[in-house]
Amino acid sequence: MKGPVAIILAAGHGKRMKSDLAKVLHQVCGRPMIRYVVDAARAAGAQSIIVVVGYASDQVRAALADEPDVVFAEQTRQLGTGDAVRACRPLLEGYSGPVLVLVGDEPLIRPEPLASLLTKHKEKEHACLLGTSIVSDPTGFGRILRDSTGRFLRIVEQRDCSPEEAAIREVNPSCYVFELPGLWDALDRLDTGNAQGEYYLTDAPQLLQSMGRRVVALPVLEPDDILGVNSRVQLAEANAIMQRRIQEYWMMEGVTIVDPRNTYIDGRVDIGRDTIILPYTVISGTVTIGKHCRVGPFSHLRDGSVLADGVEVGAFVEVNRTHLEKGACARHLAYLGDAHIGAKANIGAGAITANFDGRVKSSTVIGAGAMIGSGAILIAPVEIGANGYVGAGAVVTRHHDVEPGATVVGVPARPLSRSGDGKHQPS
Ligand code: UD1
Ligand code: MG
């Protein structure tokens, strides 16, 4: 296996989530949290990634099936984090070098501190380099014990802490770089003499040190990086921090977000500069937004949608798997699903594409410059030609395509011809 190797522990049930879904698959800003950890490990320089699976392992394997550099180790019984790392041993037979061990329930971990741990490990041979963090509220974390000279002594789990130890604010975020094969010697010696009766990985650094090997703990992680998701409350906290990071990124890229706290942008969205996002907008899934667009207030852009440059999507408009070409506009109260909307087409207030007949979803094509009147219903599959005109309240039924430049009105919609008195009438 090519190093450095990363091991991500994800076999636990996550009982405190009270869920049928494996904990690491709960979503943060639209993506399963383990994906963020995989990304961070890769960005930090890991060449191979082993994910330890156990509880609902099929779900976790399926969720990561498209990650080319991820392999799985099965931990059949969840006997603790130390046992979980042991489950990787067959995959790592013959490997010597650094292994970065992370947990799958810390989605906010950033690659930079992990990369710095790997670099420091390379500079000097360490049996274990432990990333730590100093937090204001250490509840739930293992605490880092040091001697009077500041030298690392050991990690004590919250449940095994004395009151004095519980007051320590330097914590274990479960970010370790171990040297292989030396780590196996320590894991062979783990026992279950602790409050949970588990094989704790947290005992490994101390064991290595007692064997005379070099162990160093460095406070390289920010409190935000290490927020562990063990409950739905922490899931919401992780979402909030990730959401702030996503929005700050886009603002730094030149996007105006008028009211960040009342805007939701998925981690898979791409936005061009000088686009303005107005309050109460939700952008979920893989969505691409061009430059100089105006989105919101109260817009919902959904997976698979593309807004080219200069598109306007306004209040109570839902856009789903729909492509709007340059300068197209849907300012108020519309549903656009499975549609392709040409440049500068205008979708009137209350117009909708009826894309689902109860069995299948079908597409609507609206040509460049077309005008769709207020309250019109376009029943898919149907095509409105370029510069076509659909009258207010018209119902264009399926397969009754509108010719380019033609006008249709009424229910069901029919082409309009001019009568002698100059008034428009359906032909
Ligand atoms: C663990 C650490 C603790 C640290 C905290 C946050 C141990 C003993 N404790 O506690 O010091 O402060 O993380 O980083 O390591 N897992 C398995 N197999 C198992 C048990 C757990 O794969 O048998 C996985 C879980 O899926 C999870 C991760 O390991 O992703 C951590 O397990 P969790 O139960 O959340 O440990 P914490 O109590 O948070
Ligand atoms: Mg945890």
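In this predicted model, Arg 321 sits in the loop that runs between β21 and β22 (323-324). Its phi is near 45°, a positive value in a residue other than glycine. A second case of this kind turns up at Phe 316, where phi is near 55°, again positive and again not in a glycine. Phe 316, though, belongs to a strand, β21, which spans residues 312-320. So much for phi; the peptide bonds have something to show as well.

Two cis peptide bonds can be picked out. One links Gly 296 to Pro 297, with omega near 0°. Pro 297 is part of the loop joining β18 (294-295) and β19 (300-301). The other runs from Val 411 to Pro 412, and here omega is near -15°. Pro 412 is also a loop residue, placed between β33 (407-409) and β34 (414-418).

Stepping back to the overall layout, the protein splits into two domains, with domain 1 covering 5-226 and domain 2 covering 255-426. Taken over C-alpha atoms, the centres of domain 1 and domain 2 are 48 Å apart.

That leaves the ligand. The space that ligand 1 takes up is the largest pocket. Three elements each give two or more residues to the shell around ligand 1, namely β1 (5-10), α3 (81-86) and β10 (170-180). Of these, β10 is the top contributor to the shell, supplying three residues. There are 25 residues around ligand 1, and those that come nearest are Gln 75, Thr 81, Glu 106, Glu 157 and Asn 172. By type, the shell breaks down into eleven polar residues, nine nonpolar and five charged.

As for individual polar contacts, Glu 157 uses its side chain: an N or O atom there lies 2.6 Å from an oxygen atom of ligand 1. The backbone joins in too. At Leu 9, a polar backbone atom is 2.9 Å from an oxygen atom of the ligand, while at Leu 79 a backbone N or O atom is 3.4 Å from a ligand oxygen. On its own, ligand 1 has 750 Å² of accessible area, and the protein covers 89% of that.

Terms used: Residues are numbered from 1 along each chain as its sequence is written. Chains are lettered from A and ligands numbered from 1 in the order in which they are written. This is a predicted model: local features need pLDDT of at least 70, side-chain atom pairs count only at pLDDT 80 or more; totals for chains, interfaces and linings use all residues. Side-chain values use heavy atoms; hydrogens and water are left out. A residue is near a molecule or strand if one of its heavy atoms lies within 4 Å of it. A polar contact is a pair of N or O atoms within 3.5 Å; within protein, one must be able to donate a hydrogen and the other to accept it, and residues adjacent in sequence count only if both atoms are side-chain atoms. Accessible areas come from the Shrake-Rupley method with a 1.4 Å probe; for residues, only the protein chains shown count as cover. On a 1 Å grid over the protein atoms alone, a cavity is a set of points where a 1.4 Å probe fits but cannot get out, and a pocket is an open set with protein on both sides within 12 Å along at least five of seven lines; lining residues have an atom within 4 Å of a point. A molecule sits in a cavity or pocket if more than half of its atoms lie within 2 Å of its grid points. Helices (H or I, at least four residues) and strands (E, at least two) are DSSP runs, numbered from the N terminus. Ala, Val, Leu, Ile, Met, Phe, Trp, Tyr, Cys and Pro count as nonpolar, Asp, Glu, Lys and Arg as charged, and the others, Gly among them, as polar. Domain bounds come from an automatic or database domain assignment.
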